[in-house]
Amino acid sequence: MKTLIKNGTLITASETFQADILIEGETISGIGTSTSLSAGLEAESPPLLADSAQVIDASGKLVLPGGVDPHTHFDLPMFDTVSSDDHYTGHKAAAFGGTTTVIDFVSFDFDTFEESVDAWHRKAGKAAIDYSFHMNLTKFNDRIAREIPSLRDMGITTLKVFTAYNGRLRLDDGSIFKALRITRDNGMLVMVHCENGDVIDTLVTDALASGHTTPEWHALTRPAWGAVEATLRMAAMSSQADAPVYIVHMNVGGEVDMLKYARERGVKVMGETCPQYLFFTMDHLRRPDGAKWICSPPMRTEKDNARIWEGLHDGTLQTIGTDHCPFFFDGTKPIMYEGKEVKIPGKELGKDDFTRIPNGLPAVGDRLPILWTYGVRAGKITANQFVAYNSTNPAKIFGLYPRKGALLPGSDADIVIWDPEKRVKYGTAHSRHRTDYNLFEGWDVAGMPEKVFLRGELIVDGEKWLGKPGEGKFLKRSEGEVL
Ligand code: DUC
Ligand code: ZN
Ligand code: ZN
């Protein structure tokens with residue numbers, strides 16, 4: 001099966017140019033450049049030979065590599081519930097938003113990595129887009145240390161550690177340092193959740209003892225300085241172990257300052273932010289429906305939003321993930337999903353105690369439409385940066401490039417035909433997350449995916465869903481790049 005996408009404007013992480021793309025089977029077989037719209041591409045290439053191909057006219061449209069979301073939590077048990085998108089519904093929402101690859105975090109629930117990873121494979125059997133896994137390293141001893149390299153055989157080259165969640169997920173600094181030396185020697189990468197677990201626990205105990213139960217206390221007990229200090233500490237650790245580190249969900253302006261400081265000194269530290277840290281502040285937690293915005297780390301201030309945008313604009317940060325981990329706002333009321341009623345306990349679990357509110361937000365489908373409108377169209381990042389942060393850089397850092405994140409001959413034909421002029425009042429109807437709210441409800445969006453291909457297969461055609469559970473492939477990853 002051949003498909004020729006004609007007359008579109010291709011946007012990659014570094015270039016913008018007019019070209020035709022030929023898809024044969026699951027991969028891109030040729031790019032026929034007609035007019036260079038940016039520096040770097042010179043000669044016109046010969047027209048693509050595409051007899052018997054179905055032809056799609058992309059005149060006036062943009063053609064992008066499918067989004068790669070390096071940070072999702074599907075079907076994640078939390079408190080007395082579970083994140084409400086599973087590895088099918090979340091993938092479908094991702095695809096409608098132009099994302100064709102996701103990397104989810106495996107909980108270290110069993111004694112061995114193998115059993116924990118197997119459990120995640122069983123959950124993800126219904127995948128509708130391509131996916132891979134990171135491993136949460138939430139316990140550590142000599143046996144676990146010895147087993148870390150075995151993760152590479154499972155196609156997992158990344159480990160997430162936490163400097164918070166004492167007694168549950170946190171590793172002490174000594175264990176993180178040891179893990180870093182092992183990952184360094186094995187071509188792997190440590191990702192870090194940066195907050196100060198000791199300070200958080202003390203503040204939470206005090207807040208509850210003083211009778212503070214409302215959502216804003218979630219942010220008040222997780223201070224920004226804890227994230228800043230932990231980011232610098234982990235950058236220092238990266239330098240001392242001579243191992244790369246990737247800081248997830250950067251949310252404070254000061255963290256970006258620390259990242260810049262370390263990178264300017266040659267430290268191999270990279271940073272990810274998420275849409276929620278660009279658009280919202282802790283004031284949102286003070287609204288009557290404030291629980292909708294509860295996630296960890298929390299949202300901060302407008303100054304922080306602005307500093308993170310600046311870090312994207314000047315290239316201090318490397319990626320934008322979502323940390324997608326949705327819950328219902330009111331899990332006592334069902335919603336309709338694919339013709340069936342679905343009801344999953346959600347944020348109401350914490351109505352009398354902010355520590356019982358499940359942490360996390362819906363975002364996987366929102367990332368590209370929202371960042372196109374409020375990032376690219378607003379002049380905060382370029383279209384090429386948009387592709388770099390949302391697709392190419394995550395693919396490079398996480399060992400998927402150039403199979404993913406690229407419009408190159410030989411790459412998987414994960415392609416988004418993007419209508420830059422499609423205007424919608426955005427919300428749950430567009431995002432398709434399996435939950436009862438969207439943080440961007442009512443926002444004016446200009447620019448949406450029109451068609452989405454996964455390995456050459458059309459899975460989203462306008463409003464139509466053509467994907468199927470089980471069609472997503474697990475991606476075994478190799479060593480990534482340090483950007
Ligand atoms: N943060 C959240 O808010 N939810 C899931 C995991 C995480 O790191
Ligand atoms: Zn985290
Ligand atoms: Zn997360």
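The following paragraphs go through the domains, the nonpolar cores, the zinc sites, the strand pairing and some backbone details of this predicted model.

Local features are reported at pLDDT of at least 70 and side-chain atom pairs only at pLDDT 80 or more, while totals for chains, interfaces and linings use all residues. Residues are numbered from 1 along each chain as its sequence is written, chains are lettered from A and ligands numbered from 1 in written order, and side-chain values use heavy atoms, without hydrogens or water.

The chain is divided into domain 1 (2–64 + 406–465) and domain 2 (69–388), with bounds that come from an automatic or database domain assignment. Their centres, taken over C-alpha atoms, are 28 Å apart. To the contact between them, domain 1 gives 44 residues and domain 2 gives 52 residues; contact means heavy atoms within 4.5 Å.

The largest nonpolar core has 111 residues, of which F113, M135, L137, L151 and F386 touch the most other members. Such a core is a set of buried Ala, Val, Leu, Ile, Met, Phe, Trp, Tyr and Cys residues joined through side-chain atoms within 4.5 Å. Buried means under 20% relative accessible area, exposed over 50%, and partly exposed in between, with a 1.4 Å probe and protein chains only. Domain 1 and domain 2 both give residues to this core, so it lies between them. Leaving out residues up to four places away in sequence, M135 touches V106, S107, F108, F113, S116, V117, L151, I156, T158, L159 and K160. A second, separate core has 16 residues, including I5, I23, A58 and L407.

K160 is also a metal ligand. Together with H193 (ND1) and H249 (NE2), K160 (NZ) coordinates the zinc ion (ligand 2), at 2.1 to 2.2 Å. Donors are N, O and S atoms within 2.8 Å of the metal (3.2 Å for Na, K and Ca); water is not among the atoms, so sites may look incomplete. The site has four donor atoms with angles of 90 to 127 degrees and is tetrahedral. Four donors count as tetrahedral if all angles lie between 85 and 135 degrees. Ideal angles for four tetrahedral donors are 109.5 degrees. Along the chain, the donors of the zinc ion (ligand 2) follow the spacing K-x32-H-x55-H. The pair K160 and H193 links distant parts of the chain, 33 residues apart: K160 is in strand β11 (residues 158–162) and H193 in strand β12 (residues 189–193). Both K160 and H193 are buried.

The zinc ion (ligand 3) is separated from the zinc ion (ligand 2) by 3.8 Å. Its protein donors are H71 (NE2), H73 (NE2) and D323 (OD), at 2.0 to 2.2 Å, and their spacing in sequence is H-x1-H-x249-D. H71 and H73 are buried.

Strands β11 and β12 belong to an open sheet of eight strands with parallel pairing, in the order β6-β9-β10-β11-β12-β13-β14-β15. Helices (H or I, at least four residues) and strands (E, at least two) are DSSP runs, numbered from the N terminus, and two strands pair if DSSP finds at least two bridges between them. The edge strands, each pairing on one side only, are β6 (67–72) and β15 (319–320). Within the sheet, β12 pairs with strand β13 (residues 245–247) over three bridges, and M191 has Y246 in β13 as its bridge partner.

Towards the C-terminal end of the numbering, strands β19 (residues 444–454) and β20 (residues 457–461) run antiparallel and are joined by four bridges. They form a hairpin with two residues between them, and F453 is the bridge partner of L458 in β20. R455 in the turn has a positive phi of about 45 degrees although it is not a glycine; R455 is buried, with a relative accessible area of 8%. V452, in β19, counts as buried because its relative accessibility is 0%. The C-alpha atoms of V452 and I415 are 5.8 Å apart, with 37 residues of separation along the chain. β20 in turn is joined by two bridges to the antiparallel strand β21 (residues 464–465), where W465 stands opposite V460.

Two cis peptide bonds can be located in loops. The bond from S296 to P297 has omega near -5 degrees, and P297 is in the loop between α10 (276–279) and α11 (302–313). The bond joining Y401 and P402 has omega of about 5 degrees, and P402 is in the loop between α13 (383–397) and β18 (415–425).

Notes:
Four donors count as tetrahedral if all angles lie between 85 and 135 degrees; four count as square planar and six as octahedral if opposite donors are over 155 degrees apart and all others between 65 and 115; anything else is irregular.
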